[in-house]
Amino acid sequence: MFTAIVQERGTGDVLMVAWMDDEALARTLETREATYFSRSRNEQLGSKARHPAHPACPFGSAWDCDGDAVLLTVDQVGAACHTGDHSCFDADLALRPEN
């Protein structure tokens with residue numbers, strides 16, 4: 001199990017942080033549709049299963065230096081977050097820089 005950081009290709013925005021296992025990554029690379037691992041359901045979920053009208057189509061991937069996290073660069077259609085927001089990071093910042 002490893003972390004997947006999902007970044008939108010066109011904007012560079014981080015859309016979400018998800019989990020993958022080897023099978024989810026293999027399916028993602030084979031189908032060109034992002035597939036994540038649901039820890040609560042203990043199963044793989046394709047982006048269309050997660051959001052039927054909002055697929056994430058991977059454009060590229062890269063491992064971090066430790067090999068325990070992958071960065072997926074995607075062309076996101078619609079919302080990436082389960083709340084319906086474009087990004088899981090659309091909420092107000094908890095910490096704001098001091099002026």
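**Notebook: strand β6 and its surroundings**

**Entry 1. T73**

I began with T73, which counts as buried because its relative accessibility is 19%, under the 20% limit for that class. The model I am reading is a predicted one. I located T73 in strand β6. I then listed the contacts of T73, leaving aside neighbours within four places in sequence, and found Q7, R9, C57, P58, F59 and G60. Two of these partners, R9 and F59, return in a later entry.

**Entry 2. The chain as a whole**

Before going further I looked up the overall layout. The chain has two helices and six strands. Along the sequence they follow the pattern β-β-α-β-β-α-β-β. Of the 99 residues in the chain, 35% are buried. I also looked up how far apart in sequence the contacting residues lie. Among contacts with a separation of 6 or more, 37% join residues that are 24 or more positions apart.

I checked confidence next. The average pLDDT of the chain is 83, and 82% of the residues score at least 70. Confidence is highest in β1, with a mean of 94. It is lowest in helix α2 (residues 47-50), where the mean is 56. I therefore note that α2 falls below the pLDDT of at least 70 needed for local features.

**Entry 3. Strand β6 and its partners**

I returned to the strand that holds T73. How many of the eight residues of strand β6 are buried? Six are buried, so the strand, residues 69-76, is largely enclosed by the rest of the structure.

I then asked which strands pair with β6. Strand β1 (residues 2-8) pairs with β6 in the parallel sense, over six bridges. Within this pairing I5 stands opposite L71, and A4 has V70 as its bridge partner in β6.

Strand β5 (residues 56-63) runs antiparallel to β6, and seven bridges join the two. Here W63 has V70 as its bridge partner in β6. I note that V70 is thus named twice, as the partner of A4 and as the partner of W63. β5 and β6 form a hairpin with five residues between them. In that turn, G67 has a positive phi of about 75 degrees.

**Entry 4. The hairpin of β1 and β2**

I followed β1 to its other pairing. β1 and β2 pair in the antiparallel sense over six bridges, and T3 stands opposite W19 in β2. Their hairpin also has five residues between the strands. G12 in this hairpin takes a positive phi near 80 degrees.

**Entry 5. R9, D75 and F59**

How many salt bridges does the structure hold? I found one. It joins the side chains of D75 and R9, at 2.9 Å from N to O. D75 lies in strand β6 and R9 in the loop between β1 and β2, so the pair ties together parts that are 66 residues apart in sequence. Side chains of opposite charge can pair when their charged atoms come close.

I looked up whether the two partners are buried or exposed. D75 counts as partly exposed, at 30% relative accessibility. R9 is likewise partly exposed, with a relative accessible area of 40%.

Where does R9 lie with respect to F59? R9 lies over the face of the F59 ring, at 3.7 Å from the ring centre. R9 is also among the contacts of T73, as is F59. For completeness I looked up aromatic pairs and recorded one in the structure.

**Entry 6. M16 and R32**

I closed with two further residues. M16 lies in strand β2 and counts as buried, at 3% relative accessibility. I checked M16 against C88, which is 72 residues away in sequence. The C-alpha atoms of M16 and C88 are 5.2 Å apart in space.

The last residue I looked up was R32, in the loop between α1 (22-31) and β3 (35-38). Its phi is near 60 degrees, a positive value in a residue other than glycine. R32 is partly exposed, with a relative accessible area of 44%.

Notes
Residues are numbered from 1 along each chain as its sequence is written. Side-chain values use heavy atoms; hydrogens and water are left out. Rings of Phe, Tyr and Trp (its six-membered ring) pair if their centres lie within 6.5 Å; planes under 30 degrees apart count as stacked, over 60 as edge-to-face and the rest as tilted. A charge sits over a ring if NZ of Lys or CZ of Arg is within 6 Å of the ring centre and within 35 degrees of the ring normal. Buried means under 20% relative accessible area, exposed over 50%, partly exposed in between (1.4 Å probe, protein chains only). Helices (H or I, at least four residues) and strands (E, at least two) are DSSP runs, numbered from the N terminus. Two strands pair if DSSP finds at least two bridges between them. A salt bridge is a side-chain nitrogen of Lys or Arg within 4 Å of a carboxyl oxygen of Asp or Glu. Contact means heavy atoms within 4.5 Å. pLDDT is the predictor's confidence in each residue, from 0 to 100.
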